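Grab a coffee and work through these exercises with the model open beside you. Try each task yourself before reading the solution.

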Amino acid sequence: MYIFDAHIDTLMQLPSDPKYFEGNTRGHVDLPRMRAGQLSAQIFAVFTESHYRPGQSLQRSLAMIDAFWNMMDAYSDDLGPVLCAEDLTELRDQGRIACLLSLEGAEPIGVDLHNLRIMHRLGVRAVTLTWNHRNALADGAEEESAAGGLSLFGNQVVAEMTRLGMVVDVSHLAEPGFWDVVKTDAAMIASHSNAAALHPHRRNLTDDQLRALADRGGVVGVNFHPGFIKDSDPSDVTAEDLYDHIEYLINSVGEDGVGLGSDYDGISNTPQGLEDASTFPRIVKGLQRRGVKDSVIRKVMGENFYRIFCKTLPKRENMGC
Ligand SMILES: [Zn+2]
């Protein structure tokens with residue numbers, strides 16, 4: 001089965017611990033566990049923590065992107081970078097894990113489209129426009145009642161991303177910005193968000209947002225963070241609670257609009273039964289037990305994210321990769 005995880009924060013560990021990916025016991029992801037989990041494709045987020053923002057965010061993001069490319073070199077038998085649509089198909093056929101770069105929060109771009117284009121040249125193929133706070137593009141979910149929509153610059157970034165063949169990620173974005181992205185032509189995903197109807201957390205999406213995402217051909221990746229799954233003690237949250245969100249999302253967005261965005265290595269707790277990247281095959285079994293059709297399970301596990309990236313990324317002949 002093709003398994004595509006749309007969000008992990010593993011790159012945060014690599015600049016200070018280059019061997020982390022080879023095998024570690026303090027996080028959720030490394031190469032042996034990705035292989036055990038039968039991952040086919042993985043988006044690696046470039047997230048710059050608050051103490052780097054905004055002044056040091058570009059410098060810090062370059063350290064993580066350098067670590068990503070070092071990882072591609074070091075484990076090239078198992079991994080390969082995705083720069084164009086054909087890379088996804090070829091890596092699938094070769095049985096190597098397709099690795100994509102995304103920015104989580106556009107702070108490294110600052111206020112300059114040149115930086116966006118340089119990020120694209122460095123391999124970035126998706127941008128989560130904001131983290132939880134305000135930046136030059138838009139407001140994040142924690143701005144709440146103070147939040148506005150996309151700035152003029154935010155609209156310019158979305159338009160340029162669309163021209164370049166990049167995917168716009170609306171996870172973390174405050175709701176007014178979400179609706180502004182809906183009005184554009186952007187390829188749209190919510191890489192790691194859940195259903196607000198099951199747990200009304202500001203990081204989750206309302207039914208109206210989910211329907212709009214579906215209408216746009218977008219995909220939402222279910223987030224494994226217990227705090228976004230259920231209003232209870234994190235240690236009480238189980239894989240079954242996550243499957244509730246997956247089933248709800250299938251019913252509200254449709255079977256073509258749901259995927260996985262674990263947030264591994266970016267979350268402190270995980271649901272019982274889904275402790276690390278080795279556990280993805282359990283989700284297949286869990287959904288089968290609930291009677292979800294195999295064709296739908298394949299879409300949720302990876303085919304939907306595969307589809308939207310294949311459709312959006314530039315073709316090789318147009319970018320020389
Ligand atoms: Zn996040």
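**Exercise 1. Find which residues have the most contacts inside the largest nonpolar core.**

Solution. Keep in mind that you're looking at a predicted model. Start with the core itself: the largest nonpolar one has 98 residues. Then rank its members by contacts inside that core, and you land on Phe44, Val127, Val168, Val220, Ile246, Leu249 and Val258.

Now zoom in on one of them, valine 258. Skip its neighbours within four places in sequence, and its contacts are Val219, Val220, Val222, Ile246, Leu249, Ile250, Val253, Val300 and Asn304.

**Exercise 2. Work out whether the radius of gyration of the protein chain agrees with that of a compact globule.**

Solution. Take the chain length, 321 residues; a compact globule of that length would come out near 20 Å. The protein chain has 18 Å, so the two agree. For the overall dimensions, the C-alpha trace spans about 50 × 45 × 40 Å along its principal axes. Next, check burial: 52% of the 321 residues are buried. Finally, look at contacts with a separation of 6 or more: 71% of them join residues 24 or more positions apart.

**Exercise 3. Sort out which residues of helix H10 are buried, and what covers them.**

Solution. H10 runs over residues 280–289, and its buried residues are Phe280, Ile283, Gly286 and Leu287. These cover an arc of only 100° around the axis, which means they sit on the same side of H10. The spacing rule helps here: an α-helix has 3.6 residues a turn, so residues three or four places apart point the same way.

Now turn to the face pointing away from the buried side, where you'll find the exposed residues Lys285, Gln288 and Arg289. As for the cover over the buried residues, it includes helix H9 (239–253) and helix H11 (294–312). One last stop: after H10 comes glycine 291, with a positive phi near 85°.

**Exercise 4. Decide whether threonine 238 is buried, partly exposed or exposed.**

Solution. First locate threonine 238: look in the loop between helix H8 (226–229) and H9. Then count C-beta neighbours inside 10 Å. Threonine 238 has 17, and buried would take 20 or more while exposed means 12 or fewer. So threonine 238 counts as partly exposed.

What does threonine 238 touch, leaving aside neighbours within four places in sequence? The contacts are Pro271, Gln272 and Gly273. You can also check a distance: phenylalanine 224 is 14 residues away along the chain, and its C-alpha atom is separated from that of threonine 238 by 9.7 Å.

Conventions: Residues are numbered from 1 along each chain as its sequence is written. This is a predicted model: local features need pLDDT of at least 70, side-chain atom pairs count only at pLDDT 80 or more; totals for chains, interfaces and linings use all residues. The radius of gyration is taken over C-alpha atoms; the globule rule is 2.2 Å times the number of residues to the power 0.38. Two residues are in contact if their C-beta atoms, placed from the backbone, lie within 7 Å. A nonpolar core is a set of buried Ala, Val, Leu, Ile, Met, Phe, Trp, Tyr and Cys residues joined through C-beta atoms within 7 Å. Helices (H or I, at least four residues) and strands (E, at least two) are DSSP runs, numbered from the N terminus. The arc is that of the directions from the helix axis to the C-beta atoms.
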